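Q: I've got a new model open and I'd like to learn how to read it properly. Could you walk me through it, feature by feature?

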Amino acid sequence: MKKKIFIAVLIILLILILIFLGLFIVDTKRMKEGKPVVFSTWGRNYSINGVDSGNNTNGNQQTDEIQFALTMDDKIDKDTAWCGTFQLIWNDLKNDLAKQDIVFNEYPDMEVVKNLNKGSFTTDDISENSYYKTYGHPTIELKNQIENAIKEKFNETSDILDDFQWSDSNLSDYILYCMLKKEFKFPVAFKTLESGKFANKYNDIEYFGLEKNSEEQIRSQVEVLYYKNDDEFVVKLKTEQNDEVILAKGIDGNTFNEIYNNIVENEKQYDGDRTFTASDELKVPKLDFDEKRRLNEVENKVFSFSDGMTYEIDKALQTIEFELDEEGGKIESEAAMSIKTTAMLPEKVKERKLYLDDEFTIFLKETDKDIPYFAAMINDITKFE
């Protein structure tokens, strides 16, 4: 009898070992590919989109904050924002310093790094007066240079420079920095609408827009790029500056690029009325959020320069501040990272209700550019107020 019990216990232990071995193999592979783990990070310092993937006691990732996408090609879920500042400093890291694609030694297939290496957003996609960027060795002189430059160009101070080490560092180390700032006004202020619901579960949300029979002067600053029905449409709000606010509801896509490309394709094929008519209505929630994220999915990963020197990203930070109301909007974003050397190597619709009162996506781009410089997917409106 005892022998049978011993054999049964032994079989159970072997089965458990095989299960945990399988989970270890799966999680190791997913971490190398930059994907969320299934069970645990197995003691490794690893995260996706700044969210710890393995130390949550209930097994769920933290979802009560706005997530940052690092590129327009990253897979996105609900309540995610992207701005091109981190891509701009990554471009400098890759092109000017490493002089080759960045490949993390232990995570060669990390998807977010592959997307960053594409460099799909560059300084060609935004006017020079809207950004400032630089890089150099971490010294007090460089910090002062950055502070003076953003004060002179944008009349702004930094929210992230003090988070980095500027003295007692190796002169082979680097800090890369970028600030982007845009402000825009609508030619005529939209009307403040009555507060209401969003997605039938968030109450007292402030809206702006247009009611029926609004004046032609204010209607002319709205263009309908695509309309299928009241749950699938795209509108563009024109500004006094060289900026466009593109608002999309019901447009599918797993990445911001997929959504935006679908917008462009739908616009090309749309032969309906693009004029915002007197019978149309527009309803847009006011947005106001200011987020700061530690981009630890790219931190503490070793990679090489073309000259054979090995480095690791010691710290990476990004901020995104965005406001949108009846008068206009503002976008401000900073990104910085420090790298350290290491010893390791239809037909016309008469009435259309363009209510952005449920999940929607917003893009900002300059009129004469093809690629946006900001995007956000909004599901839980309370996070963006």
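**Reading helices, cores and turns**

A: Let's begin with a helix. In helix 3, the buried residues are Val112, Val113, Asn115, Leu116 and Asn117. Helix 2 is among the elements that cover them. Right after helix 3 comes Gly119, with a positive phi near 60°. Keep in mind throughout that this is a predicted model.

Q: Fair enough. What is the mean pLDDT of the protein?

A: The mean pLDDT is 88, and 86% of the residues reach 70 or more. As a general habit, where pLDDT is low, don't read the predicted coordinates in detail. Here that applies to residues 45–63, where pLDDT stays under 50. The model does have 42 contacts beyond four places in sequence for that stretch.

Q: And the overall make-up: how many helices and strands are there in the protein?

A: You'll find six helices and 19 strands. Of the 385 residues, 52% are buried. The accessible surface comes to about 18,400 Å², and carbon and sulfur atoms account for 47% of that.

Q: Now the inside. Which residues have the most contacts in the largest nonpolar core?

A: The general idea is that in soluble globular proteins, nonpolar side chains tend to be buried together. In this model the largest nonpolar core has 94 residues, and those with the most contacts inside it are Phe86, Trp90, Leu93, Phe104, Leu282, Ile362 and Phe374. Helix 2 (residues 85–98) supplies the largest share of that core, seven residues. There's also a second, separate core of 15 residues, which includes Tyr132, Leu142, Ile150 and Leu317.

Q: Let me zoom in on one of those. Which residues does Phe104 touch, leaving out those up to four places away in sequence?

A: Phe104 touches Trp90, Met110, Val113, Val298, Lys301, Val302, Phe303 and Ile313. Two of these tie in with what we've already seen: Trp90 is itself among the residues with the most contacts in the core, and Val113 is one of the buried residues of helix 3.

Q: Back to helix 2, then. How many of its 14 residues are buried?

A: Twelve of the 14, so helix 2 is mostly covered, taking buried as under 20% relative accessible area. The buried set is Thr85, Phe86, Gln87, Leu88, Ile89, Trp90, Asn91, Asp92, Leu93, Lys94, Leu97 and Ala98. For its length, compare the two ends: helix 2 reaches 19 Å from its first C-alpha to its last, close to the 20 Å expected at 1.5 Å a residue.

Q: Take Ile89 in helix 2. Is it buried or exposed?

A: Ile89 counts as buried, because its relative accessibility is 0%. Beyond four places in sequence, Ile89 touches Leu176, Tyr177, Cys178, Ala335, Ala336 and Met337. You can also check a C-alpha distance here: Ile89 and Met179 are 90 residues apart along the chain, and their C-alpha atoms are separated by 9.9 Å.

Q: How about helix 4: why does its end-to-end distance agree with its length?

A: Helix 4 (residues 140–154) has 15 residues, so at 1.5 Å a residue it should span 21 Å, and its end C-alpha atoms are indeed 21 Å apart. Its buried residues are Leu142, Lys143, Ile146, Ala149, Ile150 and Phe154. They cover an arc of only 130° around the axis, so they sit on the same side of helix 4. On the other side, Glu141, Asn148 and Glu152 are exposed. Strand 5 (131–136) and strand 6 (174–185) are among the elements that cover the buried residues.

Q: Last topic, backbone angles. Where does Lys99 lie, and what is its phi?

A: Generally, most residues other than glycine have a negative phi, so positive values are worth a look. Lys99 follows helix 2, lies in the loop between helix 2 and helix 3 (111–118), and has a positive phi near 60°. Asn155 plays the matching part after helix 4, with a positive phi near 55°. Ala199, in the loop between strand 7 (191–198) and strand 8 (202–210), also has a positive phi, near 60°.

Q: Which of Lys99 and Ala199 is buried, and which is exposed?

A: Lys99 is exposed, since its relative accessible area is 56%, whereas Ala199 is buried at 17%.

Terms used: Residues are numbered from 1 along each chain as its sequence is written. This is a predicted model: local features need pLDDT of at least 70, side-chain atom pairs count only at pLDDT 80 or more; totals for chains, interfaces and linings use all residues. Side-chain values use heavy atoms; hydrogens and water are left out. A nonpolar core is a set of buried Ala, Val, Leu, Ile, Met, Phe, Trp, Tyr and Cys residues joined through side-chain atoms within 4.5 Å. Buried means under 20% relative accessible area, exposed over 50%, partly exposed in between (1.4 Å probe, protein chains only). Helices (H or I, at least four residues) and strands (E, at least two) are DSSP runs, numbered from the N terminus. Contact means heavy atoms within 4.5 Å. The expected span of a helix is 1.5 Å times one less than its number of residues. The arc is that of the directions from the helix axis to the C-beta atoms. Accessible areas come from the Shrake-Rupley method with a 1.4 Å probe; for residues, only the protein chains shown count as cover. pLDDT is the predictor's confidence in each residue, from 0 to 100.
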